[in-house]
Structure formats: structure tokens, C-alpha cells
Amino acid sequence: STHMRHGQAGGSGSISVGYTPVQGTDMSVDVECGENAKVSLSTSRVLLSQTLVTSSISTLPGSDKLALSLSSHRPLFRNKLRGTWAIGLSSPDFSLHYGLLQFTSLQTKPRYTAKLNIGVDHFPFRLAADHDFSKTHSGKLSYGWGPKGIELSGIMTRVLSKYAKFSVGIKHVATKGLTWLLRFERGQLTFSVPVSISSITSPGYHFKCMYMTFLSLLIDEAIGDWVSGMTSSLILEEDDDVKENKDALRREEVHLAEMNKARIDAQQQLALMKGPSNQKREAEEKKGGLVILSATYEVEGGDSLDVSTQLQFWVSTSSTLVLPATSFCNLLGFYDIQQSLPKDELKTVATSGWRRALSRCTPSDIDGGPVPTLTIRYKHSGAVYEICVPDEDPLSLPSPLALKLGDSRFVK
């Protein structure tokens, strides 16, 4: 990578090597060269409690000291929250470099985040809310507090194309005043332009905040209309048959690439889950607890995935399995097997949200296609049961709704 700083060009490079010594444990070595050369050694491991633990040791650029860090991530309260903590130390006196504690909601819209970051942030306490208005439109509000006062920011992001995004928003900092935020992303390349609008002591500061907020929202909607208009004009200009073939081919290429990546990710996650899952299966067999005999996640006209190992992994020590009311494709070892595409996606793109609101029109319903189902046959207390659960429904095993097939000595 290259960069320009203070009128001078510079560059840097890196190389990374990974290794899996035992199942469930990964090690990597990263070497960075250039102005900030350093070497890092890190390890990560997935524990039986669904906790990911990561540790690392690295050199510090321009120093003979070493930096040590330890972090952990895990779901909390039946996957309703994700908790993260991290700590960084520096040798030889092991002084505290930073400390992090963060909680993020997983089943709410918008998603809420509370973070305490001590050591490297001027605003150590932060609250944030993220919301996806659509697949191509999202927004974020953030509040930060620290010794220097408060920081408030709001930003809207539009997807311009498959690889490009544009964001616009404002930020208020007690010590600096009002800043207008503009950012353009293209792949791995990012252009960020913060424009200083006014200091906090300037007359009419609150009016300027409201004006820049309105201007940012107006620009965001205008870009949304422009993107929709570009899509609509291309659709109208092309011959119907040619357009249909091109769109179908493009969707198919994107769909195949996404499905291939999803399958690979699920296989890698399954490899990490097999060891703990087999241990839980043996323990449940010995005490006559909950044993997943077979489990299939499938959709009509699409893929069929064997998820017996994945579900056994989630069985708790109390011989129960509880999954929240969310799509099963979000679980480790699963992927989105739904094959159908929205039929009216071009119609809903042509008109922006605020125009539909003004004209009191509602978008047509999008046909999401057949709903995936999860069919499970399990053994518990000497009997075999079977249950079929639609996607996004809660699951609790053993279940009084399951069909009893017979004694486990005769039914497999």
C-alpha cells in the first residue's frame, strides 16, 4: 500500500502465515515492513462455551518494547447480546496500554452498542445505534463522553454499486465544534473529507447544526434518487429480452459466488465444531440426555444441509437446546440456503422512500420464495422424537410439540 503524508509519498507491505496445530486452535504470524515495521504472533481458540479467545504479542515500531493483548468474544443471554472484552499491556513493566468492554444487541432493530474504551480513546464511553433501512441504505447515531466533553455524530450511508459506498453526516465535538463528514469507499480505497463548519462559540451554532443536518439528509435522499434513476434509465433503454438475459446472468453470477463463499465458511466453522460436538454427544449418551440423531436444514427447490453436528454443539450441560426466533442461517456452521430472488426488486428500486411517502404509495410485497425448514430427530430419556421447525421460529429441545416415534432401542 502507498500513501501521501505532508507532501511526501510512502509505502508499506505485509505478509501473513497461518497454521492450525490442533482442531479449534489457529495461529498466525504477521510481518509488516515499511515506516512502521513490526512482527506479530497471535493465537485464537473457540471454547465449548461458544467463546472465542484471542491473544497476541507484537513488537512496537521504533521501540524495543513488546505489546501483549488478550481479548474474548461470546454471546450472552441466549444469543441476545454479544460481549467483548480486551486488554493491552506493554513490557517490561506490563503497564496498561488500553482496556475495552463492549456489548452489542443481536436481535434488535436498530442494533445498539455500549462500549467502554480506556487508554486510546479521547471519549472512552460510547453509545451507538445502527439501523439498516434497506439493503442499500443504512444509518448510525453515536454518543461519546470523556474528559474533553461529549461527541455526537450521525451519518447516513448509501450503496452506489457492488463495490462503492457514499456516506454523509455531521459530528459535534465539545472542544472543536461542528464538522461535516463526507466519505466515499471504493473496494479497499476510502476517501474521507471532514469539513470544519463552525466552532462551538460561533453565533448561531445551533441553527448551523440543524441546517447541516437537513442538508445532509437532503443529499442522502438525492443520491438515493440518483442511484434509483440510473437503474431505471438503464432498464428502460435496454431491449426487454437483452435486459432480462443480462439481469438474470448477473444475478446468477453474484448468487453462485455468494453461495460458494457461504458453503466454504460453513465448512470451516463445522471443522472447529466437530471436536466439542462429539464430546457433548458422548456425555449426553452416557447420562441419557439430549442426543441429536439427525438434523436437516433444507428449502424446497434449494440446498439440503446436514446440521446434526452443529445442533449437538449447541446442546447445554442441562441437556437442553434453545435457539432464538431468528433465521437459522445466522448460526455457526449454517449458511443461507434460500435460492429464490425477489420478483419485484426492480419495481421497488425505481421510487425512493420519501417520494412513496409523499404520494401515499406503498411498495409491493416482495416474494421471498419458499421458507427453509429444520427437521430434527433426537433421542432423550430413552425415547426418539422428531420435530420440524420453520425458519425464524424459536426452537427448544426437548419439545412437547415433537412427535414421539418410539423406544430408542428399536427406533434409530
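A hairpin links strand E8 to strand E9 through five residues. That's a handy place to start exploring this model, which is a predicted one.

**Two hairpins in a row**

Let's follow the chain from there. E8 covers residues 95-105 and E9 covers residues 111-118; the two run antiparallel, joined by six bridges. Want one pair to look for? Find glycine 99, whose bridge partner in E9 is isoleucine 118.

E9 also pairs with strand E10, residues 125-134, again in the antiparallel sense and with six bridges. Here you can pick out arginine 111, which has aspartate 130 in E10 as its bridge partner. E9 and E10 make a hairpin too, with six residues between them. Have a look at glycine 119 in that turn: its phi is positive, at about 115 degrees.

If bridges are new to you, here's the background: strands of a sheet pair through backbone hydrogen bonds, and they do so either parallel or antiparallel.

**Two serines to zoom in on**

Serine 105 lies in strand E8. Is serine 105 buried or exposed? It counts as buried because its relative accessibility is 8%, under the 20% cut-off. Leaving out residues up to four places away in sequence, serine 105 touches Lys80, Leu81, Pro110, Arg111 and Tyr112. The side chain of serine 105 also makes a polar contact with the side chain of threonine 108, and one of its polar atoms lies 2.8 Å from the backbone nitrogen of tyrosine 112.

Now jump along to serine 198, which sits in strand E15, residues 189-198. This serine is buried as well, with a relative accessible area of 5%. Which residues does serine 198 touch, not counting those up to four places away in sequence? They are Lys176, Gly177, Leu178, Tyr205 and Lys208. Take glycine 177: it is 21 residues from serine 198 in sequence, yet their C-alpha atoms are 5.8 Å apart in space.

Here are the polar distances for both serines:

| Side chain | Partner | Distance |
|---|---|---|
| Serine 105 | Threonine 108, side chain | 2.6 Å |
| Serine 105 | Tyrosine 112, backbone nitrogen | 2.8 Å |
| Serine 198 | Serine 202, side chain | 3.4 Å |

**An open sheet of five strands**

Further along the chain, five strands form an open sheet with antiparallel pairing, in the order E17-E16-E19-E20-E22. Why do E17 and E22 each have a side without a neighbour in the sheet? E17 (304-306) and E22 (403-407) stand at the edges and each have a single partner strand, so one side of each is left free of a neighbour there. From one strand to the next, the twist averages 15 degrees.

At the E17 edge, three bridges pair that strand with E16, residues 291-298, in the antiparallel sense. One of the pairs to find is tyrosine 297 with its bridge partner in E17, leucine 305.

**Stepping back**

The protein has 412 residues, and 31% of them count as buried. Its elements are five helices and 22 strands. Take the contacts between residues at least 6 apart in sequence: 38% of those join residues at least 24 apart. The protein exposes about 25400 Å², with carbon and sulfur atoms supplying 59% of that area.

How confident is the predictor? The average pLDDT is 81, and 86% of the residues score at least 70. Over residues 340-367, though, pLDDT stays under 50; the model has 29 contacts beyond four places in sequence for that stretch.

Conventions
Residues are numbered from 1 along each chain as its sequence is written. This is a predicted model: local features need pLDDT of at least 70, side-chain atom pairs count only at pLDDT 80 or more; totals for chains, interfaces and linings use all residues. Side-chain values use heavy atoms; hydrogens and water are left out. Two strands pair if DSSP finds at least two bridges between them. Helices (H or I, at least four residues) and strands (E, at least two) are DSSP runs, numbered from the N terminus. Buried means under 20% relative accessible area, exposed over 50%, partly exposed in between (1.4 Å probe, protein chains only). Contact means heavy atoms within 4.5 Å. A polar contact is a pair of N or O atoms within 3.5 Å; within protein, one must be able to donate a hydrogen and the other to accept it, and residues adjacent in sequence count only if both atoms are side-chain atoms. Accessible areas come from the Shrake-Rupley method with a 1.4 Å probe; for residues, only the protein chains shown count as cover. Axes are lines fitted to C-alpha atoms, for helices over the stretch in contact, and angles run from 0 to 180 degrees between N-to-C directions. pLDDT is the predictor's confidence in each residue, from 0 to 100.
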